[in-house]
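Thanks for coming. I will talk through one structure, starting in its interior and working outwards.

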Amino acid sequence: MSGAKLRVATYNVHGCMGMDRQRSEARISEVIAEMSVDIVALQELDFGRRRSAGADQTKMIAEQLGWYSHFHPAMRRDDEHYGNAILSRYQLNFSRGIKLPGRPPFFCRENRAAIEVNIKTDLGKVHVINTHLGLGWRERFVQAQLFTSAEWRAAIAGDTPLILLGDFNSLRGSRPYRTLNRHLHDVRELIRATEQIRTFPTRFPVLTVDHIFVNRALQPLSVTVHRSSLARIASDHFPLMADFVLSPPRRPE
């Protein structure tokens, strides 16, 4: 594993509906391919929904890439599902999918979820958690607390690399962000990024709502917003990606 690296990204694909109001799973696949990532967490995917012509968007994107994937719905209505997925060039093992707590605000009655998989990478086994927090500030705070609860804390403190990434609908400095950053570590802060990391909206990016957090088992080398001409059209979010190596072994105290 000496010299091995891992590149991951988080990408809210907006149901594969582009800024040109055209739906294209193929275009999303092309954006992912442009980044040369190993693992990508996607939010806002459809499965069997009328608005997307009944498409299994996760499967379509994964097949074009030749990758493995797992989709987990946040909302179900009859046979129509909507949620998040993790795609990987390495084989992945589903660990759990959970409904997030918190009461959605009146202006967005949308359930929220998280999906966790284990992936055997060139760095060894990695836990990857993809989520999409709500729009209400109270809702987001309760949801952020879940990931720092005793149930999750053992994995955070362990020696196995853990990556929590997604669309948190939370700005840096907000209460949900600070809650997560007390137990995990925003890759921007670990590498002391000086450039603006703004991912939304693609027409004129002014907000930082997509984040990548890790435990101490991983050392980030870089964090970048992928702003290609194709990414500017394919969704209303730009992808956020980061490169990692394993952290040096900790000295015994």
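Ile 61 counts as buried, at 0% relative accessibility; buried means under 20% relative accessible area, exposed over 50%, and partly exposed in between, with a 1.4 Å probe and protein chains only. Ile 61 lies in helix H2. Helices (H or I, at least four residues) and strands (E, at least two) are DSSP runs, numbered from the N terminus. Leaving out residues up to four places away in sequence, Ile 61 touches Cys 16, Glu 25, Ile 28, Ser 29, Ile 32, Leu 42, Leu 45 and Leu 87, where contact means heavy atoms within 4.5 Å.

Before going on, a note on what you are looking at. This is a predicted model, in which local features need pLDDT of at least 70 and side-chain atom pairs count only at pLDDT 80 or more, while totals for chains, interfaces and linings use all residues. Residues are numbered from 1 along each chain as its sequence is written, and side-chain values use heavy atoms, with hydrogens and water left out.

Now helix H1, residues 25-35. Its buried residues are Glu 25, Arg 27, Ile 28, Ser 29, Val 31, Ile 32 and Met 35. What covers them? The cover includes strands S1, S2 and S12, together with helices H2 and H7. At the N-terminal end of H1, Ser 24 acts as a cap, with a side-chain oxygen 3.0 Å from the backbone nitrogen of Arg 27. After H1 comes Ser 36, whose phi is positive, near 55°.

Next, the charged pairs. The whole structure has 12 salt bridges, a salt bridge being a side-chain nitrogen of Lys or Arg within 4 Å of a carboxyl oxygen of Asp or Glu. One of them pairs Asp 243 with Arg 7, with the closest N and O atoms 2.7 Å apart. Asp 243 is in strand S12 and Arg 7 in strand S1, 236 residues apart, so the pair links distant parts of the chain. Asp 243 is buried at 15% relative accessible area, while Arg 7 is partly exposed at 25%.

A second salt bridge joins Arg 89 to Asp 38, with 3.0 Å between the closest N and O atoms. Arg 89 sits in the loop between S4 and strand S5, and Asp 38 in the loop between H1 and S2, so the pair ties together parts that are 51 residues apart in sequence. Here Arg 89 is partly exposed, at 39%, and Asp 38 is buried, at 12%.

A third salt bridge is between Asp 46 and Arg 51, at 2.7 Å from N to O. Asp 46 is buried, at 0%, and Arg 51 is exposed, at 51%. Salt bridges that share partners join these two with Arg 49, Arg 50 and Glu 80 in one network. Glu 80 is found in strand S4 and is buried, with a relative accessible area of 16%.

On the surface, Leu 171, Phe 204, Val 206 and Leu 207 form a nonpolar patch with about 360 Å² of accessible area together. Patches are made of residues with over 30% relative accessible area and no salt bridge, joining like charges within 9 Å and nonpolar side chains (Val, Leu, Ile, Met, Phe, Trp, Tyr) within 5 Å. Accessible areas come from the Shrake-Rupley method with a 1.4 Å probe, and for residues only the protein chains shown count as cover. Phe 204 is exposed, at 61%, and is found in the loop between helix H6 and strand S10.

Last, the chain as a whole. The protein chain has 7 helices and 12 strands. Buried residues make up 57% of its 253 residues.

Technical notes
Rg over C-alpha atoms; globule rule 2.2 N^0.38 Å. Polar contact = N/O pair within 3.5 Å; in protein donor to acceptor, adjacent residues only side chain to side chain.
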